[in-house]
Number of protein chains: 2
Amino acid sequence: MKTILAELLTIGDEILYGQIVDTNSQWMSVELSKIGIKVIRKTSIGDREDEILTAFAEAEKRADIVLITGGLGPTSDDITKPCLAKYFDCELKIHAEALAEVTEFFVSRGREITEINRQQAALPVCCTKITNPIGTAPGMWFEKNGKVFMSMPGVPHEMKRMMTEQVIPKLLQTYKMPTIIHKVIRTVGIGESFLAEKISFWEKSLPRHIGLAYLPSLGEVKLRLTGMGDSAENLQAEIDALSEKLNPFAGEYIYGYGDDPLEVVIGNTLRNKRLTLSVAESCTGGYLSHLITSVPGCSDYFLGSMIPYDYQIKMRQLGVKPETLEKYGAVSEPTIIEMANIVRAKFNTDIGVSTSGIAGPGGATPDKPVGTVWIAYSDKYHTVTKKLQLSKDRGINIRLASAAVLNLIRLSLPK
Amino acid sequence: MKTILAELLTIGDEILYGQIVDTNSQWMSVELSKIGIKVIRKTSIGDREDEILTAFAEAEKRADIVLITGGLGPTSDDITKPCLAKYFDCELKIHAEALAEVTEFFVSRGREITEINRQQAALPVCCTKITNPIGTAPGMWFEKNGKVFMSMPGVPHEMKRMMTEQVIPKLLQTYKMPTIIHKVIRTVGIGESFLAEKISFWEKSLPRHIGLAYLPSLGEVKLRLTGMGDSAENLQAEIDALSEKLNPFAGEYIYGYGDDPLEVVIGNTLRNKRLTLSVAESCTGGYLSHLITSVPGCSDYFLGSMIPYDYQIKMRQLGVKPETLEKYGAVSEPTIIEMANIVRAKFNTDIGVSTSGIAGPGGATPDKPVGTVWIAYSDKYHTVTKKLQLSKDRGINIRLASAAVLNLIRLSLPK
């Protein structure tokens, strides 16, 4: 079966000037891939006729489907519609049903329709009108030489509703689609290149119809398997079996599958095991607690934190022994062990974790350069510590150290 | 003077599949517009040689500068570098300096360099290497027929650092640009449309060669004045005078000018006034402390935080009176006043601030819907409280409430 190829075209100066981030095309990509349509290119151009017509012609050569957003507003800078009329060589004419809809839109809001709004009901006569239930600009569906052009408003919630309710069903009627299955495998605690080496044997064994992508982000690497075929059930079984075969090579780094980030996975584990958590974080300055509390329902297991940023606060408020701080310093294994044990005892939780380090740019000493961070985990069975040597960048160190603590919890929890 | 045109090219299947949102190109558009370069097109394509080579050729025809991000990772799916070598018809060879840099990157982290990483130092011999101080993939600068191609990593913080420190200065050396002066005026505590109404008289008085842009983000609105002309000195004086004239209309909302966010401005004020700060945050869960500690040198004024997430911790660890909690609840004015006063006393700081609210999605009551947040400021002269009614979204509420506390500090500090 031939793969149906799509190109996404975003029209609007505000995208080129960087005044808004284009989130539409990401959302559209996900929705299209779910039904087996492959996006091969995304293009953003300004509100200028020559550029728009050129982009139409280029896209038509490459793709089966061209999905266009933006440039449908009522003001003079929006010219997508006249460009479409010109491109498909047909005149703009008031569409009776569209006029009724746009009139109803204003009447239902107690407002009068102006001439400028009336013109939103003018459509190229060669298009099929797609109703916009929550806005004034209708969508337009064109077919020519077996290719589909679909123009939609750039306002995200209008576009999304139009795609979900009308465009996707119409595409499914128009084309016979292959089945596409994705599986995301989430790893933490290993860099992209090291992971690639560990799993190269497995990677080479993947069949041709199953693709692999590495998706690295700060502190973790996601692996995405993508399979294309006829039977969803067979594909899913095949991908699950391949994912299973990855365990001997990289199982220790895999913390989950799908959309849930590490803080959600750990939160679920703590909830299921009925364990509670407290935090004493110094160099991470609140970011670790923020990750934990970004998860809805975290109050089931997270009780609270201390951020003893200052030396005196470490002693007087948290209760680290002055001798420990004097002898070993704040960034040391004995200090973070005390921090984790004390916060666990004081907050009366099952688990206590702690961080102390040199986030930078200041504060380094010859034996403790910027990026030196100690982290600890404590429960009633054991205490686990780890020394990290991170980067020169304060923001990155804060994020990497926080992710490392989450991973330390994952690895140290009672089985 | 001819306007320099740029095209942005993002390479990576993860963009086409919609697994990540491309925020790089928005950031790059803004930075390029600051120096007078106009972005005419943004294109995203996959990791396939034919598509990449075609996109290079098309972009070269349209633009003076082609800025490429992505596809420089060490794994086999990343092919931007060999494509560049092929396009510019020159071989890939280990670059001695690049090898030293990538080796140092691993050695400084106590790790050995693998062959796969060594290959990151292989560069097309016809390019100028651009150092990546925080990653392993160097940037590559090509010049051909008066056009510039610049390839950068897709990892946002690596790309941004490379652009700011090396690419922008190199572009300014290479091209003659018109003089463009920007001034960013930063406001907090007022929404975009309300601000627009307050300053409409001033906005209408702006001369034609000075443009105004509203740049709203969560919790604040930035105004950017952009002037284009010949004399930097005259332009700067003119823009400064216009910015001065804004004060009668919106002075109370303006907290600063230029690049420094609110947490930096407040940090500088605290340092200058020799005041210290502590935090008791509940519903913001660490994010307020994170904002404060994201600023290098914050240990000059920030001593520490308590995050008494759980009810028991609010009483036993922080010391809020059980009567207060029982009578008024955790999300109440009496409770946050106690929280701010107690943390200030316990941590022995000049200022204490506190948050307590319903971040959502759970936890709401009929009289305290999701988005209800109380915040307080306390110093030895006075205590100031504020009740916020925010959104239905947990992440947005956490961010807006934290920004509101920073603004409360700004407005409440002893004069």
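## A tour from helix pair to shared sheet

Start by selecting helix 2 and helix 7 of chain B: these two helices make a right-handed crossing. (A crossing is right-handed if the near helix is turned clockwise from the far one by less than a right angle, left-handed if anticlockwise; helices are DSSP runs of H or I with at least four residues, strands are E runs with at least two, and both are numbered from the N terminus.)

Before you click further, residues are numbered from 1 along each chain as its sequence is written, while chains are lettered from A and ligands numbered from 1 in the order in which they are written. This is a predicted model, in which local features need pLDDT of at least 70 and side-chain atom pairs count only at pLDDT 80 or more, whereas totals for chains, interfaces and linings use all residues.

**Stop 1: the helix pair in chain B**

Keep residues 24-34 and 156-174 of chain B on screen. The axes of helix 2 and helix 7 come within 11 Å and cross at roughly 20°. (Axes are lines fitted to C-alpha atoms, for helices over the stretch in contact, and angles run from 0 to 180 degrees between N-to-C directions.) That is why helix 2 of chain B and helix 7 of chain B count as roughly parallel; the cut-offs are under 35 degrees for roughly parallel, over 145 for roughly antiparallel, 65 to 115 for roughly perpendicular, and oblique for the rest.

Now show side chains. Helix 2 of chain B brings N24(B), W27(B), M28(B) and E31(B) to the contact, and helix 7 of chain B brings P156(B), M159(B), K160(B), M163(B) and I168(B). (Contact here is C-beta atoms, placed from the backbone, within 7 Å.) Sorted by type, the residues of this contact are six nonpolar, one polar and two charged. (Ala, Val, Leu, Ile, Met, Phe, Trp, Tyr, Cys and Pro count as nonpolar, Asp, Glu, Lys and Arg as charged, and the others, Gly among them, as polar.)

**Stop 2: a four-stranded sheet in chain B**

Next, pick strands 9 to 12 of chain B. They form an open antiparallel sheet in the order 10-11-9-12. (Two strands pair if DSSP finds at least two bridges between them.) Strand 10 (210-217) and strand 12 (254-257) of chain B are the edges, each pairing on one side only. Ignoring direction, neighbouring strands are turned by 20° against each other on average.

Zoom in on strand 9 (179-188) of chain B, which is joined to strand 12 of chain B by three antiparallel bridges; R186(B) has G256(B) as its bridge partner there. Then add helix 10 (232-245) of chain B, which lies across strands 9, 10 and 11 of chain B at about 20° to strand 9.

**Stop 3: chain A against chain B**

Colour by chain. Contacts link 58 residues of chain A with 60 residues of chain B. On the chain A side, strand 2 gives the largest share, seven residues, and the side as a whole divides into 24 nonpolar, 25 polar and nine charged.

Select strand 2 in both chains: five bridges join the two strands, which run antiparallel, and T43(A) stands opposite T43(B).

**Stop 4: the sheet of 10 strands**

Show strands 13 to 17 of both chains. They make an open sheet with mixed pairing, ordered 17(A)-16(A)-15(A)-13(A)-14(A)-14(B)-13(B)-15(B)-16(B)-17(B). Strand 17 of each chain stands at an edge with a single partner strand, so one side of each has no neighbour in the sheet. From one strand to the next, the twist averages 15°.

Zoom in on the chain A end. Strand 16 (372-378) and strand 17 (383-389) of chain A are antiparallel over seven bridges, and they form a hairpin with four residues between them. V373(A) has L388(A) as its bridge partner. Six antiparallel bridges connect strand 15 (351-357) with strand 16 of chain A, where S356(A) stands opposite W374(A). Finally, turn on helix 17 (394-412) of chain A, which lies across strands 15, 16 and 17 of chain A at about 30° to strand 16.

**Stop 5: back out to chain A**

Colour chain A by domain: the assignment gives domain 1 (5-174), domain 2 (179-257) and domain 3 (262-412), with bounds from an automatic or database domain assignment. The C-alpha centres of domains 1 and 3 of chain A lie 50 Å apart.

For a last look, select helix 3 (49-62) and helix 4 (80-87) of chain A, which pack at about 50° with axes 10 Å apart. These helices are therefore oblique to each other.

Terms used:
Contact = placed C-beta atoms within 7 Å.
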